[in-house]
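Student: I've got the model open and would like to know where the descriptive words come from. Could we go through them one at a time?

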Amino acid sequence: MTANDKELAGPGDIEALLPWRAAGTLSAEETRLVDAALANDPALARQYEVIKDELAETVLLNENLGAPSTRALEKLFGAIDAEPARGASQASGLMARLGAFFGGLSPRTLGWAAAAAMLALVLQAGIITNAVVKQSGGYQTASSTVSTAGTRALVKFKSDATFDQITAFLVAYHGSVVAGPQAGMFTVKFGDTALSAKDAEQLIAKVKADNIVTFAAATQ
Amino acid sequence: MSATQAASDESLIGRIAQGDRLAMQVLYGRHHVRVYRFALRLVRKEQVAEDLISEVFLDVWRQAGKFEGRSAVSTWLLAITRFKALSALRKKRDAELDDETAAAIEDTSDTPEVAVAKKDTGNALRNCLTRLSREHREIVDLVYYHEKSVEEVAEIAGIPVNTVKTRLFYARKKLAELLKEAGIERGWP
């Protein structure tokens with residue numbers, strides 16, 4: 001117990017649980033007890049309304065604290081790289097490169113934008129993870145699951161292209177990033193079947209004309 | 001957090017224990033913002049909070065094999081964060097990080113008095129939340145923002161369950177006092 005806790009009049013048993021009731025983290029039994037007390041005690045109900053305000057403002061305060069820069073991620077993986085290797089899987093250099101790429105697209109951004117971008121990255125990572133697990137039943141790298149068929153192109157996206165735009169682009173063209181970025185360009189594989197030279201040429205022309213693409217050229 | 005995500009977190013920890021960097025990235029992406037915000041509320045310095053999250057997740061990388069799943073991964077992360085934040089505060093106690101005298105996180109809100117004049121009680125409340133002691137900030141955040149149960153807070157803060165309840169109660173009373181000083185009466189206590 002600290003100086004902060006040394007007070008004379010403590011809370012009642014139910015009163016003490018009100019903040020957790022507001023946060024929704026009580027057990028079903030405790031919730032039932034608290035709700036019954038709230039229904040029968042107007043003073044407790046008034047305090048509960050105050051607590052709900054506190055909770056809402058605490059959430060708002062924390063959400064406004066923003067997010068860390070990519071420096072923390074870089075530092076972490078730099079340290080991990082320096083650790084002794086272990087285990088069977090050394091997955092996903094690709095994800096690291098993607099993370100670094102998207103981190104580099106925009107300046108350090110505190111707030112919702114950064115959080116949303118990282119969420120999108122995580123969602124994609126999650127999808128890849130699930131795919132890896134489902135396909136292999138064990139551990140494989142993401143890149144090892146990529147088939148070799150399909151048309152490949154070097155693609156450079158506009159510097160202000162968002163993660164959502166790039167994701168939509170990949171979905172629209174049935175594309176997947178298989179390597180990069182190198183010199184700001186990704187190797188993207190389109191589809192899973194080989195196209196004729198003419199069809200491939202038309203596809204690359206279409207990709208090149210996309211409004212988030214600044215460069216596209218066929219590659220092996 | 002849903003039971004599904006908790007199970008998924010545990011699965012990630014299992015893979016991290018085997019050296020799976022992708023699993024590490026997913027876990028980092030899932031939790032780093034909340035870890036950062038918890039650290040920032042404790043140490044009040046963005047640079048220090050960023051350094052801390054790298055250290056926290058490096059600990060996860062190193063210790064994943066020892067994680068026994070007795071608590072949620074998010075609870076484990078916050079406990080590590082708290083430990084490292086307090087260590088950082090102790091190291092810098094006489095310097096720029098002194099808990100009570102440090103320049104607070106850049107605070108864009110009005111002072112409580114100005115907020116009251118603007119009839120913005122939410123703004124005043126947020127301002128007063130930043131003025132709580134470190135222990136009170138910590139428990140308020142863990143319960144209201146990180147949605148931790150009584151038992152989980154006890155585990156993270158290393159205090160008995162009953163102390164968790166009373167500490168939050170007194171944190172709330174202190175908050176009410178700060179608001180009262182600013183001219184805001186909320187009908188409690």
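Student: Why are H1(A) and H2(A) called roughly perpendicular to each other?

Tutor: This is a predicted model, by the way. The axes of H1(A), residues 13-23, and H2(A), residues 28-40, cross at roughly 110°. Angles of 65 to 115 degrees count as roughly perpendicular, so that is the label H1(A) and H2(A) get. Their axes come within 10 Å, and H1(A) passes H2(A) in a left-handed crossing.

Student: Which residues make that contact between H1(A) and H2(A)?

Tutor: From H1(A) you have Ile14(A), Leu17(A), Leu18(A) and Arg21(A), and from H2(A) there are Glu30(A), Thr31(A), Leu33(A), Val34(A) and Ala37(A). Sorted by type, the contact has 6 nonpolar, 1 polar and 2 charged residues.

Student: And what do we call the angle between H6(B) and H9(B)?

Tutor: Here the axes cross at roughly 125° and come within 9 Å. The perpendicular range is 65 to 115 degrees and antiparallel needs over 145, so H6(B) and H9(B) are oblique to each other. Their crossing is right-handed.

Student: What makes up the contact of H6(B) with H9(B), by residue type?

Tutor: Ala124(B), Leu125(B), Cys128(B) and Leu129(B) of H6(B) meet Leu175(B), Leu178(B) and Leu179(B) of H9(B), which spans residues 161-181. That gives 7 nonpolar residues, with no polar and no charged ones.

Student: Why is H6(B) described as largely enclosed by the rest of the structure?

Tutor: Being buried takes 20 or more other C-beta atoms within 10 Å of a residue's own. In H6(B), residues 121-130, 7 of the 10 residues are buried, so the helix is largely enclosed. The buried ones are Asn123(B), Ala124(B), Leu125(B), Arg126(B), Asn127(B), Cys128(B) and Leu129(B).

Student: How many residues count as buried in each chain, as a percentage?

Tutor: In chain B, 52% of the 189 residues count as buried. For chain A, the figure is 27% of 220 residues.

Student: What secondary structure does each chain have?

Tutor: Chain B has 9 helices and 0 strands, so to speak α-α-α-α-α-α-α-α-α from the N terminus on. Chain A comes to 8 helices and 4 strands, and along the sequence the pattern reads α-α-α-α-α-α-β-α-β-β-α-β.

Student: What share of the contacts in each chain join residues at least 24 apart?

Tutor: Start from contacts between residues at least 6 apart in sequence. In chain B, 59% of those join residues at least 24 apart. In chain A, residues 24 or more positions apart account for 67% of the contacts with a separation of 6 or more.

Student: Which residues touch the most other members of the largest nonpolar core?

Tutor: Of its 74 residues, they are Ile16(B), Ala39(B), Val43(B), Leu52(B), Ile53(B) and Val143(B). The largest share of this core, 14 residues, comes from H2(B), residues 21-43.

Student: What is Ile16(B) in contact with, beyond its neighbours within four places in sequence?

Tutor: Ile16(B) is in contact with Ala23(B), Met24(B), Leu27(B), Val60(B), Trp61(B) and Ala64(B). Apart from the largest core lies another one, of 12 residues, including Leu154(A), Ile166(A), Val188(A) and Phe190(A).

Notes
Residues are numbered from 1 along each chain as its sequence is written. Chains are lettered from A and ligands numbered from 1 in the order in which they are written. This is a predicted model: local features need pLDDT of at least 70, side-chain atom pairs count only at pLDDT 80 or more; totals for chains, interfaces and linings use all residues. Helices (H or I, at least four residues) and strands (E, at least two) are DSSP runs, numbered from the N terminus. Two residues are in contact if their C-beta atoms, placed from the backbone, lie within 7 Å. Axes are lines fitted to C-alpha atoms, for helices over the stretch in contact, and angles run from 0 to 180 degrees between N-to-C directions. Angles under 35 degrees count as roughly parallel, over 145 as roughly antiparallel, 65 to 115 as roughly perpendicular and the rest as oblique. A crossing is left-handed if the near helix is turned anticlockwise from the far one by less than a right angle, and right-handed if clockwise. Ala, Val, Leu, Ile, Met, Phe, Trp, Tyr, Cys and Pro count as nonpolar, Asp, Glu, Lys and Arg as charged, and the others, Gly among them, as polar. A nonpolar core is a set of buried Ala, Val, Leu, Ile, Met, Phe, Trp, Tyr and Cys residues joined through C-beta atoms within 7 Å.
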